[in-house]
Amino acid sequence: MTVFRCRGCRRAVTGAVRERALPNPDVDAEWYRPEASAADAGGHVARPVVRMAPGTFAVDPDPSGPPYVMDESLGLLVESGPSGTVVLNSSDGLGLEEHPDITLRRGFCCGMDGEYGPNLVCTCGAVIATLYADCYQVQELRLRPGAVERSDRSPEPPPRQLR
């Protein structure tokens, strides 16, 4: 099991989580889908798709988030933010607070969308994570690799049974 801590103050920002492979977006069976619902005419989803099951995490080797740069071969803006972000279920963050800069907490009808980058801070004020929580997107929490440190620990042994 692993716990992630704020690099600045060493406070735990997750509970114990188990590592797994990052779900492949091309293979639906690997995604955690708690009864995902179809979008309505306005694009709202009552039960959105969630990338990671509670209590699990994966490390994304690809760039994530802003800044966005033009990929000339695709003709599209692509993410060029940090590589190695830790991807979690949004419920696995502990004691994280909304970023004090309201512009970074941008969102639409259901929650923050992370389009402008990190939107959560540790209680010590360190910029820690980006929450993607609006209904139009995949739900996830991404910890910034330079802002957290990983503490691996063995699971507790089962209690001995008395005979």
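Let's start with one residue in this predicted model: Cys122 has a relative accessibility of just 1%, so it counts as buried. Does that make it a candidate for a bond with another cysteine, and which one would be closest? The closest cysteine sulfur belongs to Cys9, and at 3.6 Å it is too far for a bond. The cut-off here is 2.5 Å between the two sulfur atoms. Cys9 itself is partly exposed, with a relative accessible area of 35%. If you search the whole structure, you find 0 disulfides, and Cys9 is in none, with the sulfur of Cys122 as its nearest cysteine sulfur.Now on to the sheet. How many strands form it, and in what order? There are 7 strands in an open sheet, ordered 2-3-6-10-9-8-7, and the pairing is mixed. At the edges stand strand 2 (18–19) and strand 7 (97–98); each has a single partner strand, so one side of each is left without a neighbour in the sheet. As a bit of background, strands of a sheet pair through backbone hydrogen bonds, and they can do this either parallel or antiparallel.

Take one pair from this sheet. Strand 6 (residues 85–88) and strand 10 (residues 140–143) run antiparallel and are joined by 3 bridges. Look for Val86, and you'll see that it stands opposite Leu143 in strand 10.

Leu143 is worth following further, as it takes us to the nonpolar core. In general, nonpolar side chains tend to be buried together in soluble globular proteins. The largest nonpolar core here has 19 residues, and Phe4, Ile128 and Leu143 are those with the most contacts inside it. Where do these core residues come from? Strand 1 (2–6), strand 6, strand 9 (127–132) and strand 10 each supply at least two of them. Strand 9 gives the most, with 3 residues.

What does Leu143 touch, once you leave aside its neighbours within four places in sequence? Its contacts are Phe4, Thr14, Thr85, Val86, Leu88, Ile128, Ala129 and Val148. So you meet Val86 again here, along with Phe4 and Ile128.

Finally, find the hairpin of strand 4 and strand 5. Strand 4 (residues 68–71) and strand 5 (residues 76–79) run antiparallel, joined by 4 bridges. Asp71 stands opposite Leu76 in strand 5. Between the two strands of the hairpin there are 4 residues, and Gly75 takes a positive phi near 70°.

Technical notes:
Residues are numbered from 1 along each chain as its sequence is written. This is a predicted model: local features need pLDDT of at least 70, side-chain atom pairs count only at pLDDT 80 or more; totals for chains, interfaces and linings use all residues. Side-chain values use heavy atoms; hydrogens and water are left out. Buried means under 20% relative accessible area, exposed over 50%, partly exposed in between (1.4 Å probe, protein chains only). Two strands pair if DSSP finds at least two bridges between them. A nonpolar core is a set of buried Ala, Val, Leu, Ile, Met, Phe, Trp, Tyr and Cys residues joined through side-chain atoms within 4.5 Å. Contact means heavy atoms within 4.5 Å.
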